[in-house]
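Visitor: Please give me a close look at one part of this model, namely the places where its chains meet and the spaces around them. I would like the cut-offs behind each term as you go.

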Amino acid sequence: MKKLAISLYAAFTVYLLIRGFHQAIFVAPDESTMHEIQRIFYYHVPSAMSAFLFFAISLVGSIGFLASRRNQPEFAQRFDALALAGAEVGVVFCSVVLVTGPIWGRRAWGIWWTWDARLTTTLILWLIYVSYLLLRRFAAGPQVQTLAAVLGIFGAIDVPIVYMANRWWRTQHPSPVFFGGADSGISPKMLAAFLWNIAAWIAWGVLILGFRYYVERQSQKALAHEAQQALDHV
Amino acid sequence: MKSSTSAVLIALLIAILAAVAYLWGSHGLAQMDINAQLNHKFLVAAYVLAWTIQSGYALWLFLKWQTQKRAAARIARDRR
Amino acid sequence: MTGILWVHLVKDLRIEWRSREAVNSMLFFALLVVVLFSLSFDPQGAFSRDIAGGVLCVATMFASVSALNQAWAREIRHQVLDAQRMAPTPGADMFLAKVLANFLFVTVVQVVLAPVFVVMYNLRILGDAWKLALVLPLGTWALVANGTFFAALSIRSRNRELLLPLILFPIFMPALLAMVLATGSILTGDSDPTLWIKLLLGYDIIFTTVSLLLFEIVLHAE
């Protein structure tokens with residue numbers, strides 16, 4: 001039953017992805033000034049939204065782990081797996097944002113990169129969560145979960161500060177380029193393509209998140225089992 | 001899963017992505033002016049790279065899962 | 001509370017006074033960075049004012065990482081840290097004392113470095129020079145408070161010397177940005193650094209509070 005549900009959900013996700021792709025490339029009308037290059041938005045913006053969503057999930061996992069690690073160790077392990085899965089999937093989506101963004105910018109602005117508020121914030125967000133994953137890889141032993149949770153909370157606090165800093169910075173020195181927001185005078189067909197892609201990428205992200213969570217839970221259980229066996233031998 | 005199977009899977013993924021990039025990237029270029037050609041190529045690059053990152057991560061996760069399952073099976077066999 | 005803090009602080013200062021390892025190595029390292037940048041860019045006039053703030057901040061940042069790595073490594077020898085963890089005193093005191101001690105060391109380095117810096121970069125400050133006395137301590141505090149915290153966090157990992165900059169620098173970035181822009185605007189005198197000083201102050205307050213709250217968890221992480 002559970003397997004069936006997962007297969008159905010995966011099939012639905014694939015349908016959404018195909019539909020989103022079709023909408024973005026074939027259905028949505030050509031944008032009047034940017035033409036074809038504007039279609040990058042249908043992948044870029046939903047990925048950015050997903051990245052923020054999964055980083056938020058990671059933060060929930062970190063806080064949940066610290067709150068429950070003393071009283072409910074079993075729950076804490078689940079939260080920890082959630083924090084790790086959220087951070088990893090978030091980094092994947094954030095990488096997509098950071099790769100597709102400059103490709104669009106090169107054609108639309110004529111430059112690959114600028115230290116604009118949103119660009120800088122996204123880049124620093126990516127750096128913070130990569131450092132989080134590095135810590136999880138480098139630090140050994142059982143304390144790594146606690147340390148990672150603490151770093152996850154620090155990283156999350158940093159994000160609004162980074163955003164404010166960059167907004168002030170750029171307000172003092174207005175830059176010639178603007179982020180053409182997706183909601184500024186968008187036609188209904190464009191909006192439809194946009195919404196299909198949001199649904200598709202979030203569904204895909206949740207699928208991968210669940211998979212990553214499952215794998216991490218399995219490895220946690222294997223570790224616990226090993227520790228138990230070592231105790232039994234003594 | 002054997003490491004040769006993993007290598008085949010990785011090669012297959014790269015081949016598919018490269019084929020899509022080539023076929024879609026060169027599709028209909030003849031009717032476009034130079035600006036539209038560049039736009040088209042950049043668009044294809046963005047979409048293919050997005051899929052490379054996403055499917056690459058998914059494949060990595062799948063291989064990790066397979067390795068884990070194999071390790072678990074080995075432990076279960078040793079116990080018996 | 002303050003008594004324990006004082007004991008920790010005096011101990012840290014005395015250790016440093018006997019060896020002078022941290023200050024000497026930081027000083028020489030920062031000097032090297034300043035010389036290297038000066039050599040590679042040959043700064044003169046307006047250009048030197050533009051980059052000087054950034055160079056000074058980055059030099060301090062790199063230099064202090066080498067010292068912060070040592071800050072907790074000292075405690076690891078002879079299981080001192082384990083003894084500290086068993087002591088019935090709040091961990092926040094120990095943390096704050098370490099931050100204060102390292103803050104002093106980095107400030108000493110900056111004071112010694114400043115004249116060298118002015119000479120090498122041919123600087124003439126066009127803004128309000130006294131504001132530097134506000135910006136540099138605030139930026140240094142942000143660096144040292146976070147650095148001490150993350151040094152304690154990475155102390156029990158493999159290759160900790162490598163890990164500290166990797167996790168410290170991304171978190172420190174907004175403070176670095178504010179510090180560089182504030183120093184730059186003081187040196188060139190063409191914009192008002194007040195906003196950046198406020199940002200640094202806010203960053204210091206937020207992260208010092210969070211560090212004090214979470215330090216106990218890091219210290220007793222099992």
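Guide: What follows takes the contacts between chains, then the pockets, then the cavities.

This is a predicted model, in which local features need pLDDT of at least 70 and side-chain atom pairs count only at pLDDT 80 or more, while totals for chains, interfaces and linings use all residues. Residues are numbered from 1 along each chain as its sequence is written, chains are lettered from A and ligands numbered from 1 in the order in which they are written, and side-chain values use heavy atoms, with hydrogens and water left out.

Two pairs of chains are in contact, and chains A and C share the most contacts, where contact means heavy atoms within 4.5 Å. Chain B and chain C do not touch, since their nearest C-alpha atoms are 23 Å apart.

Taking chain B as partner, 35 residues of chain A are in contact with 26 residues of chain B. Buried area is the accessible area, taken with a 1.4 Å probe, that two parts lose on being put together, summed over both. By that rule chain A and chain B bury about 2800 Å² between them, with 72% of it on carbon and sulfur atoms. On the side of chain A, E36(A), R107(A) and F211(A) supply 21% of the area buried against chain B, more than any other three residues. There are zero salt bridges between these two chains, a salt bridge being a side-chain nitrogen of Lys or Arg within 4 Å of a carboxyl oxygen of Asp or Glu. Polar contacts are pairs of N or O atoms within 3.5 Å, for which, within protein, one must be able to donate a hydrogen and the other to accept it, and residues adjacent in sequence count only if both atoms are side-chain atoms. Eight residue pairs, both at pLDDT 80 or more, are in polar contact between chain A and chain B. On the side of chain A that touches chain B, α1, α2 (41-68), α3 and α6 of chain A each give two or more residues, and the residues of this side divide into 22 nonpolar, seven polar and six charged. Elements here are DSSP runs, numbered from the N terminus, with helices (H or I) of at least four residues and strands (E) of at least two. As for the classes, Ala, Val, Leu, Ile, Met, Phe, Trp, Tyr, Cys and Pro count as nonpolar, Asp, Glu, Lys and Arg as charged, and the others, Gly among them, as polar.

Turning to chain C, 30 residues of chain A are in contact with 32 residues of chain C. About 2900 Å² is buried between chain A and chain C, of which carbon and sulfur atoms give 80%. In chain A, the residues that lose the most area to chain C are F138(A), F154(A) and I161(A), together 24% of what that side buries. Between chain A and chain C there are zero salt bridges, and the rule likewise finds zero residue pairs in polar contact, both at pLDDT 80 or more. Both α4 and α5 of chain A supply at least two residues of the side that touches chain C, and the largest share, 16 residues, comes from α5(A). That side of chain A has 21 nonpolar, six polar and three charged residues.

For the spaces, a 1 Å grid is laid over the protein atoms alone: a cavity is a set of points where a 1.4 Å probe fits but cannot get out, a pocket is an open set with protein on both sides within 12 Å along at least five of seven lines, and lining residues have an atom within 4 Å of a point. Grid points are joined across faces, edges and corners, and a volume is the space filled by probe spheres set on the points.

The largest pocket has a volume of about 1300 Å³. Of the 42 residues in its lining, R136(A), V144(A), Q145(A), E216(A) and L223(A) are the closest to its centre. Two or more lining residues come from each of α3 (73-108), α4 (117-138), α5 (144-172) and α6 (188-233) of chain A and from α2 (34-79) of chain B.

The second largest pocket holds about 840 Å³ of space. Among its 26 lining residues, I6(A), L207(A), G210(A), F211(A) and Y214(A) are the closest to its centre. α6(A) gives the most to this lining, with 11 residues.

By the same rule there are two cavities of 30 Å³ or more. The largest cavity has a volume of about 70 Å³, and its lining includes D12(C), R74(C) and K98(C).
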